[in-house]
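Me: I am new to this structure and would like to learn how to read its features one at a time. Could we start with the cysteines?

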Amino acid sequence: RRGNLCLNYAVIMAHRRENWMALVRAYNRNFLATEIYAKENRFGRYHGNGALEILGGGDPVSRAGSGYAHEGWDWNRPDGTTVIYLPLDRLRAVSSGTEFISTDELFSGGLSHRGRNGCFVATLHGNKNHDPTFRAKKSTFLFDDRIVCLGSGIENTDSEHPTHTNLFQKHLAGPDVPIVVNGDRVAGLGVEGELPGAAPGWLLDTQNTGYYLRLYFRLLGAQL
């Protein structure tokens with residue numbers, strides 16, 4: 001029921017504690033980020049961009065119970081990923097048939113320590129079919145019930161579209177379902193703000209996962 005497993009031949013790390021599990025995902029030169037088909041996954045370009053999924057909701061625990069919903073899914077916002085936020089006509093696969101999302105970077109993967117804790121590195125670089133100027137380095141350290149996420153070297157030359165690192169994308173049962181920011185309940189769509197002061201702040205998502213961070217935040221989405 002507790003442990004850390006690194007699957008470098010899939011560029012995935014799984015970290016489990018009691019009734020929840022975190023999954024980290026990346027890709028490298030030898031292992032694809034994703035496979036896109038003529039009628040499936042047409043917008044799935046970003047699912048390997050350092051994704052961090054936390055599964056801990058539902059009885060039994062499930063993706064749906066953990067806040068993942070098909071309806072209203074924003075393909076630009078997989079949990080934990082760093083992306084260039086694109087309109088759907090730009091995000092869509094270039095090929096009309098099968099397309100493989102790959103990179104020329106070799107160093108992405110992880111290491112488990114005694115099967116209990118672990119660290120994981122994602123080195124991202126856009127390929128020739130998309131934006132070759134997009135680069136990012138992401139490191140994830142998983143210790144017991146804490147996950148430390150670091151990012152550096154995030155860059156590209158796209159001045160038209162914003163670059164985001166996404167915390168989470170969760171189902172909202174209604175417009176009044178809040179997240180908690182430094183103890184204050186914040187609800188609604190399109191809400192944005194900055195954590196006050198120089199000190200980091202706390203953010204709690206709709207699944208009661210806590211984030212300790214210093215950043216600008218924005219709430220987007222739709223009621224499902």
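Reply: A disulfide is a pair of cysteine sulfur atoms within 2.5 Å. With that cut-off, a search of the whole structure finds zero disulfides. This is a predicted model, in which local features need pLDDT of at least 70 and side-chain atom pairs count only at pLDDT 80 or more, while totals for chains, interfaces and linings use all residues. Residues are numbered from 1 along each chain as its sequence is written, and side-chain values use heavy atoms, with hydrogens and water left out.

Me: Which cysteine sulfur is nearest to that of Cys119, and is Cys119 buried or exposed?

Reply: Buried means under 20% relative accessible area, exposed means over 50%, and partly exposed lies in between (1.4 Å probe, protein chains only). The nearest cysteine sulfur to Cys119 is that of Cys6, 8.2 Å away, and Cys119 itself is partly exposed, with a relative accessible area of 29%. For Cys149, which is also in no disulfide, the nearest cysteine sulfur is that of Cys119, 13 Å away; Cys149 counts as partly exposed at 48% relative accessibility.

Me: In what order do the strands of the open sheet that contains β1 stand?

Reply: Strands are DSSP runs (E, at least two residues), numbered from the N terminus, and two of them pair if DSSP finds at least two bridges between them. Here four strands form an open sheet in the order β1-β2-β3-β5, with antiparallel pairing. Because β1 (2-7) and β5 (51-55) stand at the edges with a single partner strand each, one side of each is left without a neighbour in the sheet. Six bridges join β1 to β2 (residues 12-17), and Gly3 has Arg16 in β2 as its bridge partner.

Me: Which strands stand at the edges of the open sheet β8-β9-β10-β11?

Reply: That sheet of four strands is antiparallel in its pairing, and its edge strands are β8 (109-113) and β11 (146-155), each pairing on one side only. Five bridges link β8 with β9, and Gly110 stands opposite Phe120 in β9.

Me: How many residues does the largest nonpolar core have?

Reply: A nonpolar core is a set of buried Ala, Val, Leu, Ile, Met, Phe, Trp, Tyr and Cys residues joined through side-chain atoms within 4.5 Å. The largest one has 24 residues, and those with the most contacts inside it are Met13, Val24, Tyr46, Phe120 and Leu124. The largest share of this core, three residues, comes from β9.
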